[in-house]
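Colleague: I have a new chain open on my screen and would love to talk it through with you. Shall we take it question by question?

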Amino acid sequence: MRVMLKATLDTEKSNEAISNGTMQGMIKEILDHLKPEAAYFAPLGGRRTCLLFFDMQDSSELPPVGEPFLTQFNAEVEVCPIMNGEDLQKGLSELR
């Protein structure tokens, strides 16, 4: 199932990771593990935020997906199922 992970990073923890030079490596490690189809980074609500879109086969994948953000960045993490246009069309066609 395609999911979106939104990780809103703690400012103090992410400032520390940037200052000590570990931010790039931590983000690269997360991206290498998840292999997202898309990854975006933006200041949403005034805080550093990652939006990752990837495939998750089983809900048991949630702990290893979210923990790096929680432990390394003290982030607020949200994961929700999402659809692309084809998924939406398929779902809507089943309503008839």
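Colleague: At roughly what angle do the axes of helix H2 and helix H3 cross?

Modeller: Happy to help, and please keep in mind that this is a predicted model. H2 covers residues 23-34 and H3 covers residues 62-73. Their axes come within 10 Å, and the crossing angle is roughly 170 degrees.

Colleague: Are H2 and H3 roughly parallel or roughly antiparallel to each other?

Modeller: On the H2 side, the contact is made by Met23, Met26, Ile27, Ile30, His33 and Leu34. H3 contributes Pro64, Val65, Pro68, Phe69, Gln72 and Phe73. Angles over 145 degrees count as roughly antiparallel. The axes cross at roughly 170 degrees, so the two helices are roughly antiparallel.

Colleague: What pattern does the chain follow along the sequence?

Modeller: The chain has four helices and four strands. Read in sequence order, they give β-α-α-β-β-α-β-α.

Colleague: Is Leucine 92 buried, partly exposed or exposed?

Modeller: Leucine 92 sits in helix H4, residues 85-93. Its relative accessible area is 40%. Buried means under 20% and exposed means over 50%, so Leucine 92 is partly exposed.

Colleague: Which residues make the nonpolar surface patch of about 420 Å²?

Modeller: Leu92, which we just placed in H4, is one of the residues in that patch. The full set is Met83, Leu88, Leu92 and Leu95.

Colleague: What percentage of the chain's residues count as buried?

Modeller: The chain exposes about 6,500 Å², with carbon and sulfur atoms supplying 54% of it. Of its 96 residues, the share that counts as buried is 26%.

Key: Residues numbered from 1 in each chain as written. Predicted model: local features only at pLDDT ≥ 70, side-chain atom pairs only at ≥ 80, totals over all residues. Heavy atoms only, no water. Patch = residues over 30% accessible without salt bridge, like charges linked within 9 Å, V, L, I, M, F, W, Y side chains within 5 Å. Areas by Shrake-Rupley, 256 points an atom, 1.4 Å probe, with all protein chains shown as cover. Salt bridge = Lys/Arg side-chain N within 4 Å of Asp/Glu carboxyl O. Buried < 20%, exposed > 50% of the residue type's maximum accessible area, 1.4 Å probe, protein only. Axes fitted to C-alpha atoms, helices over the stretch in contact; angles between N-to-C directions. Parallel < 35°, antiparallel > 145°, perpendicular 65-115°, else oblique. Contact = heavy atoms within 4.5 Å.
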